[in-house]
Amino acid sequence: MRYTGPKVRLSRRAGTPLTRKAVSYFEKRPYPPGEHGRRVRRNTSDFAVRQAEKQKMRWYYDLSEKQLLRVYENAKKRPGRTGEEMVTELELRLMTVVLRAGFASSIYAARQYINHGHITVDGKKVDIPSYQLKPGQVIGVREKSRNMVPFVEAAEGIHADDKIAGFLAVSHKDLRIAVVDRPKREQAPVPFDEQLVVEYYAR
């Protein structure tokens, strides 16, 4: 199952901010949640380290255990490095692209917008957050949704990063995203080591 609890608490469990909102909270409380969070001794065995990285990847992209395992199995079948192929597949999910383009403030908001039918791919409504995009496809916001506050903010670039991911061409004014290439590993600013995730599954 996917984690649906408090997201800041999740960041503290992961040991790193998983959302923009969590950054300021994490700076104040950079230790695990709970009454004894400050005194918890972290398990630093090889297995624990790899498991922690796997959890970070799962939480960062808002995946269930089954979904992440499927991503790993898919990546193993491709000719590139398995870890990099995992990141590429996850970066091309519709919900991740909506986030990377600055159309949502968090991966969770991106999932909600897609589930509620506000997002289109090549002009057609798509309500599957995990929908896999390909270079050449164009993502937009349905006409009747454009006056909603989140998309008015998106059009103003409020949630956009200083530098948009290089595999996307984004027009905030037009609420339009084009996937121009497959993402390269260095274009994904992720807070985990994907090679440790591969080692976790390959054990």
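Me: Which residues have the most contacts inside the largest nonpolar core, and how many residues does that core have?

Reply: In this predicted model, the largest nonpolar core has 29 residues, and those with the most contacts inside it are Leu 94, Val 98, Phe 103, Ile 119, Ile 139 and Leu 168. Helix H6 (94-100), helix H7 (107-115), strand S1 (119-121), S3, helix H8 (149-155) and S5 each contribute at least two residues to this core. H7 provides its largest share, 6 residues.

Me: What makes this set of residues a nonpolar core?

Reply: The term requires buried residues of nonpolar or related type, such as Leu, Val, Phe and Ile, joined through side-chain atoms within 4.5 Å. Leu 94, Val 98, Phe 103, Ile 119, Ile 139 and Leu 168 belong to such a set, and they therefore count as buried, with under 20% relative accessible area.

Me: Which residues does Leu 94 touch, leaving aside those up to four places away in sequence?

Reply: Leu 94 touches Ile 114, Ile 119, Val 121, Val 126, Ile 128, Pro 129, Tyr 131, Leu 133 and Ile 139. A second, separate core has 18 residues, including Tyr 60, Tyr 61, Val 87 and Val 198.

Me: Why are H4 and H9 described as roughly perpendicular or roughly parallel?

Reply: The axes of helix H4 (residues 65-76) and helix H9 (residues 194-202) cross at roughly 95° and come within 11 Å. Angles of 65 to 115 degrees count as roughly perpendicular, so H4 is roughly perpendicular to H9. Glu 65, Leu 68, Leu 69 and Tyr 72 of H4 make the contact with Val 198, Tyr 201 and Ala 202 of H9.

Me: How do you know that S5 is paired with S3 and with S4?

Reply: Pairing requires at least two bridges between two strands. Strand S3 (residues 138-141) is joined to strand S5 (residues 176-179) by 3 bridges, and strand S4 (residues 168-171) shares 4 bridges with S5. Both pairs therefore meet the requirement. S3 and S5 run antiparallel, and S4 and S5 also pair in the antiparallel sense. In S5, Ala 178 is the bridge partner of Val 138, while Arg 176 is that of Ser 171.

Me: What lies between S4 and S5 in their hairpin?

Reply: There are 4 residues between the two strands, and Leu 175 in the turn has a positive phi of about 50°.

Me: How many helices and strands does the protein chain have, and what percentage of its residues count as buried?

Reply: The chain has 9 helices and 5 strands. Of its 203 residues, 47% count as buried, which means that their relative accessible area is under 20%.

Technical notes:
Residues numbered from 1 in each chain as written. Predicted model: local features only at pLDDT ≥ 70, side-chain atom pairs only at ≥ 80, totals over all residues. Heavy atoms only, no water. Buried < 20%, exposed > 50% of the residue type's maximum accessible area, 1.4 Å probe, protein only. Contact = heavy atoms within 4.5 Å. Axes fitted to C-alpha atoms, helices over the stretch in contact; angles between N-to-C directions. Parallel < 35°, antiparallel > 145°, perpendicular 65-115°, else oblique.
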